[in-house]
Amino acid sequence: MPCNASSADRLMIDAARLSQSIQDFGRIGALPNGGVCRLALTDTEKAGRDELVRRMQGLGLTVHIDTIGNIFGTRAGQDANAGTIMIGSHIDTVSTGGLYDGTLGVLAGLEVIAALNDAHLETRRAITVAAFTNEEGARFQPDMLGSLVFVGGMPLQDALDTLAADGTRLGTELKRIGYAGSDDGPRNIVAYFELHIEQGPVLEAETVQIGVVSGVQGISWHEITVHGRSAHAGTTPMALRSDAGLAASLIVQRAYEMTQAIGSDQLMTTGTMRLTPDLVNVVAEKAVFTVDLRNPSGAALKQADVSLLQIAEDVAAETGTRVTCRPLARFDPIIFDQRLVESVEKTAQSLGYSTRHLHSGAGHDAQMIARIAPAAMIFVPSAGGISHNIREFTSPDDLARGTTVLAQLVSGQAGLMKE
Ligand code: HGY
Ligand code: MN
Ligand code: MN
C-alpha cells in the first residue's frame, strides 16, 4: 500500500530536459529570423498539436480532445473521486511569436509529469495538462476562446461559427486539422495553475525571480468599420470627400488622446487597419480597424468603451462618413483565488526565490478557468520586457525556477504517494 511521501520531499524537475523540450517545440512554426508563428488552427499549429499529443502519450497520459479542440492529457490519481489538479496554457502564437508565450506553461506541465514518473511517485488526485484552443485571438476573436467555451462563457456553436478576417470559419478549420473532438474535458478541477512569462518589464527591472499574479486586467476589443466614398485623389476638393482613411486616423488619434486623459493604467492599441481600395491615388471608401482597450479598473474600462464609441460617432459626423462598431472581446478584470495566490508566494519563498505581486497586463486562460475553479498564475521574467515579438526570451534558470515552483504546488495539491 503506497504511503504518503514526506512533505520534505521535493519533486525534482530536470531543467535541461525542460529547456530542450521548449527549444525542440520551437522548431514547429519557426520563423527564418527566430521566433515562431503558429496561428490557431493553421497547419503549423496542427503540427504543434500533433507533437503535444505525441509527448503526452509518451508520458503515459490519457489524451482527450473536446468539442472546441482543447487538448487534455491526464495522469490518473489513486482516488478517482478526488478531482484533478489542472496545469494549463496554450500552444498557439501570434504571427510574430516567441518560444515561451503559452508554450512554457504547457511544456512545464509535461515536465512536472515527467518528474513524477522519474520518481515513481503516484498522487492521490489526478493531474491534467491542458492546451486551450485559440488563446491568442490573433486569427479568431475573442482571445482565450477555447477556455471561454470550456467554462461555458461562449456557446460552442457561436465559437465554431466565428470567422477570421479572411472569412475562414473556425469550426471548418478545426475539422480540417482533425481536432474537432467529442470528449468533454475534466470537470472536477480542484485547482488550476498556469506558469507564464510576464511579457512585461517589471520582474526583470526589479530583479525579482517569481511573479505572484494577483489578477488580470480588463480587456475590450472593438472592430470599427468606416464607410466613405472612393474618389479621385487629385480632382476631389477636400470639402467634398467622404474619406474613410481620414476618419479612421482621426478616431485612432482621438482614442489615443482619450487614453492619455484617463491616464495611469489605461491602455489603447490599434494593431490592425485595412483600407479599401488601398490605392495611393484613391480616397478610401472603407476602413476596418481594431482598438484594444485595457484597464485593471472595470469602471474605467467601461468609461473608455463609451468614450470610444462617442468619438467614432463624432468623427463620422465631421467627415461625412458612417461608422459601425463590433465588439470582438470583452472581459472584466478578475482577481485570482487568494488562498492559491498565497500558496504560490509561500512555495516560491520556501524555495529561496524572490517574489513580488503583480497584475497581469495580458489575458490568459487562467482568467477563464477562474470562473469554475480556484486558479492562480506564476510569472517568470521576460528579457527586455518584450513579448509578441520574435526576440522574446526567458533564461533557462528562470524557466527552471518557475517550473520548480509549479512542480511543488501541483504535487502538494495533488498529494504525493510513494509507490
Ligand atoms: O491579448 C492578450 O492579452 C493575450 O495574448 N491573448
Ligand atoms: Mn499567453
Ligand atoms: Mn500572447
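Good morning. By a polar contact I shall mean a pair of N or O atoms within 3.5 Å. Please keep in mind throughout that the model before you is predicted.

With that definition, let us turn to ligand 1. Arg294 provides a polar contact here: an N or O atom of its side chain is 2.7 Å from an oxygen atom of the ligand. His388 also faces a ligand oxygen, with a side-chain N or O atom at 3.4 Å. Glu135, by contrast, is paired with a nitrogen atom of ligand 1, which lies 3.2 Å from a polar atom of that side chain. As for area, ligand 1 taken alone exposes 220 Å², and the protein buries 94% of this. The surroundings of the ligand comprise Glu135, Glu136, Asp143, Trp221, Arg294, Ala362, Gly363 and His388.

I move now to the interior. In soluble globular proteins, nonpolar side chains tend to be buried together. What is the size of the largest nonpolar core in this model? It holds 98 residues, and Leu52, Phe193, Phe336 and Leu406 have the most contacts inside it. Helix α3, residues 103–118, is the greatest contributor, giving 9 residues to this core. Both domain 1 (5–217 + 334–417) and domain 2 (218–331) supply at least three residues each.

Let us take Leu52 as an example. Beyond its neighbours within four places in sequence, which residues does Leu52 contact? They are Phe25, Ile71, Ile91, Val106, Leu110 and Ala131.

Finally, there is a second core, separate from the one just described, with 22 residues. Among its members are Ile251, Leu308, Ala312 and Val315. Thank you for your attention.

How values were computed
Residues numbered from 1 in each chain as written. Chains lettered and ligands numbered in written order. Predicted model: local features only at pLDDT ≥ 70, side-chain atom pairs only at ≥ 80, totals over all residues. Heavy atoms only, no water. Core = buried A, V, L, I, M, F, W, Y, C linked by side-chain atoms within 4.5 Å. Buried < 20%, exposed > 50% of the residue type's maximum accessible area, 1.4 Å probe, protein only. Helix = DSSP H or I, 4+ residues; strand = E, 2+ residues; numbered from the N terminus. Domains from an automatic or database assignment. Contact = heavy atoms within 4.5 Å. Near = heavy atom within 4 Å. Polar contact = N/O pair within 3.5 Å; in protein donor to acceptor, adjacent residues only side chain to side chain. Areas by Shrake-Rupley, 256 points an atom, 1.4 Å probe, with all protein chains shown as cover.
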